Amino acid sequence: MLTGGSVAALIPAAGMGVRLGRQTPKAFVELAGRTLLRRSVDAALASGVVDRLVVMVPPDLVDRTRTELPEAVVVAGGAERSDSVRAGLAAADTDLVLVHDAARALTPPRLFAAVVQALRDGAPAVVPGLPVADTLKRVGSDGDRVLGTVDRSELRAVQTPQGFTAPILRRAHERGGDATDDAGLVEALGVPVHVVPGDDEAFKITTPFDLRIARLLCREQD
Ligand code: CTP
Ligand code: MG
């Protein structure tokens, strides 16, 4: 089945960035002249597949963001990422929805296009996934004893943008749950989730080390 219809990109940017350890909320930290949020918005728009942008930011940064990003609908996020996504969904009226972390600021536009293409080809839910390079061990509750080695061939490190038909993502968020990503909530509904190849550059900037890597990558592009 081929799915037409309009696409919204929801960009959760309301986190505090505790692990990055800056004064500024992470999405508002600058990376080679543009904030992480600005870079994520620019990548989404450059993909050519996004009709509407919804950005979720900390409540005290809503006014500033409206001025800085006139092309986006700006809403206040919530305490947890899933609360922020729910707030964004309430402001979206499209057939298809992408959810993309502002923190994945160097995501190539072609990844947005690949996720939307998989939705248009009929998948109800799509995630980018990468094979895991490290050997993975299961450890005991204290973390200091190996219980076994995990078969990594059947594991994928999952990124954003994640794509959904809007009714499915709405249903998943109405039902809720404790998943760490949107696809996890959709899986709990029993809906099949399709995997497309992820991209190393879609890595999430979480720690000061990640920001150093991102700065070096930007220097390489200049
Ligand atoms: N996010 C959000 N609302 C929240 C928490 C997170 O919109 N209540 C967003 C972040 O802004 C980020 C994305 O979700 O773009 C992924 O979250 P994460 O990398 O964990 O960012 P932070 O929560 O800001 O970082 P930390 O967990 O270190 O505080
Ligand atoms: Mg977080």
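This text walks through a predicted model, starting from a central strand and moving on to the pocket, the ligand and several loops.

Strand 6 is a useful place to begin. The strand covers residues 96–99, and both of its faces are covered. In a regular strand the side chains alternate between the two faces of the sheet. Here Leu96 and Leu98 lie on one side, Val97 and Val99 lie on the other, and all of these are buried. Strand 6 also has partners. With strand 1, residues 7–12, the pairing is parallel and runs over 4 bridges. Within that pairing, leucine 10 has valine 99 of strand 6 as its bridge partner. With strand 11, residues 162–165, strand 6 pairs in the antiparallel sense, again over 4 bridges. Leucine 98 has glycine 163 of strand 11 opposite it.

The chain leading into strand 11 has a feature of its own. Proline 161 sits in the loop between strand 10 (156–158) and strand 11. The peptide bond that joins threonine 160 to proline 161 is cis, with an omega near 10°.

From the strands the text turns to open space in the model. Rolling a probe the size of a water molecule over the atoms shows where empty space is left. The largest pocket has a volume of about 860 Å³. It is lined by 35 residues, of which Gly15, Arg19, Arg81, Asp101 and Lys204 are the closest to its centre. Two elements give two or more residues to this lining, namely helix 3 (81–90) and helix 6 (182–187). Helix 3 gives the most, with 3 residues. Sorted by class, the lining of the largest pocket holds 13 nonpolar, 12 polar and 10 charged residues.

The model also contains ligand 1. There are 18 residues around ligand 1, and those that come nearest are Pro12, Val18, Lys26, Ser84 and Lys204. Lys204 is thus named among the residues nearest to ligand 1 and also among those closest to the centre of the largest pocket. Two backbone contacts involve oxygen atoms of the ligand. A polar backbone atom of proline 12 is 2.8 Å from an oxygen atom of ligand 1, and a backbone N or O atom of glycine 15 lies 2.9 Å from an oxygen atom of ligand 1. Serine 84 contributes through its side chain, where an N or O atom is 2.7 Å from a nitrogen atom of ligand 1.

After strand 6 the chain passes through a loop to helix 4 (109–120), and threonine 107 lies in that loop. Threonine 107 has a relative accessible area of 3%, so this residue counts as buried. Its side chain reaches the backbone oxygen of arginine 104 at a distance of 2.7 Å.

Earlier in the chain is a short loop between strand 2 (30–31) and strand 3 (34–35), where alanine 32 is found. Alanine 32 is not a glycine, yet has a positive phi of about 45°. Helix 1 covers residues 36–46, and its buried residues are Leu36, Leu37, Arg39, Ser40, Val41, Ala43 and Ala44. An α-helix has 3.6 residues a turn, so residues three or four places apart point the same way. Just after helix 1, glycine 48 takes a positive phi of about 75°.

Helix 2, residues 62–68, holds aspartate 63. Aspartate 63 counts as exposed because its relative accessibility is 58%, and the cut-off for exposed is over 50%. Its C-alpha atom is 9.8 Å from that of alanine 76, 13 residues away along the chain. Glutamate 71 follows in the loop between helix 2 and strand 5 (73–76). With a relative accessible area of 37%, glutamate 71 is partly exposed. The C-alpha atoms of glutamate 71 and leucine 53 are separated by 7.2 Å, although the two residues are 18 residues apart along the chain.

A hairpin comes later. Strand 8 (residues 137–139) and strand 9 (residues 146–149) run antiparallel and are joined by 3 bridges. Arginine 138 stands opposite glycine 148 in strand 9. The hairpin has 6 residues between its strands, and glycine 143 takes a positive phi near 75°.

The last stop is glutamate 201, in the loop between strand 12 (194–197) and helix 7 (208–221). Glutamate 201 is partly exposed, at 31% relative accessible area. The C-alpha atoms of glutamate 201 and leucine 111 are 9.9 Å apart, with their positions 90 residues apart along the chain.

Key:
Residues are numbered from 1 along each chain as its sequence is written. Chains are lettered from A and ligands numbered from 1 in the order in which they are written. This is a predicted model: local features need pLDDT of at least 70, side-chain atom pairs count only at pLDDT 80 or more; totals for chains, interfaces and linings use all residues. Side-chain values use heavy atoms; hydrogens and water are left out. Buried means under 20% relative accessible area, exposed over 50%, partly exposed in between (1.4 Å probe, protein chains only). Two strands pair if DSSP finds at least two bridges between them. On a 1 Å grid over the protein atoms alone, a cavity is a set of points where a 1.4 Å probe fits but cannot get out, and a pocket is an open set with protein on both sides within 12 Å along at least five of seven lines; lining residues have an atom within 4 Å of a point. Grid points are joined across faces, edges and corners, and a volume is the space filled by probe spheres set on the points. Ala, Val, Leu, Ile, Met, Phe, Trp, Tyr, Cys and Pro count as nonpolar, Asp, Glu, Lys and Arg as charged, and the others, Gly among them, as polar. A residue is near a molecule or strand if one of its heavy atoms lies within 4 Å of it. A polar contact is a pair of N or O atoms within 3.5 Å; within protein, one must be able to donate a hydrogen and the other to accept it, and residues adjacent in sequence count only if both atoms are side-chain atoms.
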